[in-house]
Amino acid sequence: MVFEDWVGQEYANLCVLYRAGADVPEPIQQCGSAILMDYIGDAVRPAPMLIGATVSYEEAQRLFDQAMRNIRIFLMKDRVHGDLSPYNMLLWKGRLVIIDLPQVVHARWNDEAFKVLQRDIENILQFFSRRGVKASASQLAIDLWTRYRRGELEIE
Ligand SMILES: Nc1ncnc2c1ncn2[C@@H]1O[C@H](COP(=O)(O)OP(=O)(O)OP(=O)(O)O)[C@@H](O)[C@H]1O
Ligand SMILES: [Mg+2]
């Protein structure tokens, strides 16, 4: 029963985030402990994880911006992914799709939310900084968090 509540939470997160315009797989249905969502890929292969994909320096900044836009949308919906990394982002047709949502953290009620947000940004920046992206994870996290607490976040 507890497990099903937990799966229900994940499904609810997916629905809220998808509706808000985040790049997550479209949720289709929840059946007990299983979640049915859109499959990212084609008949030949599923979309690769970002960690295994070839990303050029030119593509890196654009994908990093897309990842940050998603982090902002999550936060506007009072959520922090909590396990964001190149293992939990798929790359398909030049766009990221964010997966693996069971550990989403509530930004307003969880005291650790800011730390989790900063860690998520650090994790992805580790990948992108090797491909030429220059940014400070702690500065990005502080800026986002400050705007979130003031109710000033917008989708850019
Ligand atoms: N919607 C999807 N479309 C295509 N592939 C997917 C999708 N969701 C997940 N996958 C594939 O399944 C893998 C595992 O998914 P996910 O990260 O959600 O679970 P996990 O809890 O990390 O599982 P594991 O511990 O087995 O990695 C992903 O790395 C990805 O390759
Ligand atoms: Mg995963």
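Read along the sequence, the protein follows the pattern α-β-β-α-β-β-β-β-α-α. This is a predicted model. To follow the pattern in the viewer, colour the chain by secondary structure; the protein has 4 helices and 6 strands.

**Stop 1: the whole chain**

Display every C-alpha atom. Together, the C-alpha atoms of the protein fill a box of roughly 45 × 45 × 25 Å along the principal axes. The radius of gyration is 15 Å, close to the 15 Å that the globule rule gives for 156 residues, so the protein is as compact as a globular protein of that length. Of the 156 residues, 28% are buried. Consider next the contacts in the protein with a separation of 6 or more: residues 24 or more positions apart account for 66% of these.

**Stop 2: helices α2 and α3**

Select residues 57-76, which form helix α2, and residues 113-129, which form helix α3. How do the axes of these two helices cross? The axes come within 11 Å and cross at roughly 170 degrees. An angle over 145 degrees counts as roughly antiparallel, and α2 is therefore roughly antiparallel to α3.

Now show the side chains where the two helices touch. On α2, select A60, F64, A67 and I71; on α3, select D120, I121, I124 and F128. By class, this contact has 7 nonpolar residues, no polar residues and 1 charged residue.

**Stop 3: the end of α2 and the loop beyond**

Remain on helix α2 and select M76, which belongs to this helix. M76 has 19 other C-beta atoms within 10 Å and is therefore partly exposed, since a residue counts as buried at 20 or more. Leaving aside residues up to four places away in sequence, M76 touches A20 and L153. For a distance to draw in the viewer, join the C-alpha atoms of M76 and S138: these are 62 residues apart along the chain and are separated by 19 Å.

Proceed to D78, in the loop between α2 and β3 (79-80). What is the phi of D78? It is near 60 degrees, a positive value in a residue other than glycine. Most residues other than glycine have a negative phi. D78 counts as partly exposed because it has 16 C-beta neighbours inside 10 Å.

**Stop 4: strand β6**

Select H106, which is placed in strand β6. Which residues does H106 touch, not counting those up to four places away in sequence? They are D78, R79 and A113, so the tour meets D78 again here. H106 and R79 are 27 residues apart in sequence, while their C-alpha atoms are 4.9 Å apart in space. With 13 other C-beta atoms within 10 Å, H106 is partly exposed.

**Stop 5: D100 and ligand 1**

Move to D100, found in the loop between β5 (95-98) and β6 (105-106). D100 has a positive phi of about 70 degrees although it is not a glycine. There are 17 other C-beta atoms within 10 Å of D100, which makes this residue partly exposed.

D100 is also one of the residues around ligand 1. Select the ligand and show the other residues around it: P25, M37, D38, Y39, I40, G41, P46, A47, M49, N88 and I99. How many residues of this shell are nonpolar, polar and charged? The shell divides into 8 nonpolar, 2 polar and 2 charged residues.

**Stop 6: strand β1**

Finish with Q30, in strand β1 (residues 27-31). Is Q30 buried, exposed or partly exposed? Q30 counts as partly exposed, because 18 C-beta neighbours lie inside 10 Å. Not counting residues up to four places away in sequence, Q30 touches V7, G8, Y11 and I35. As a last selection, join the C-alpha atoms of Q30 and I121, which are 91 residues apart along the chain. The separation between these two atoms is 29 Å. I121 was met earlier, at the contact of α3 with α2.

Technical notes. Residues numbered from 1 in each chain as written. Chains lettered and ligands numbered in written order. Predicted model: local features only at pLDDT ≥ 70, side-chain atom pairs only at ≥ 80, totals over all residues. Axes fitted to C-alpha atoms, helices over the stretch in contact; angles between N-to-C directions. Parallel < 35°, antiparallel > 145°, perpendicular 65-115°, else oblique. Contact = placed C-beta atoms within 7 Å. Nonpolar A, V, L, I, M, F, W, Y, C, P; charged D, E, K, R; others polar. Near = placed C-beta within 6 Å. Rg over C-alpha atoms; globule rule 2.2 N^0.38 Å. Buried ≥ 20, exposed ≤ 12 C-beta atoms within 10 Å, placed from the backbone.
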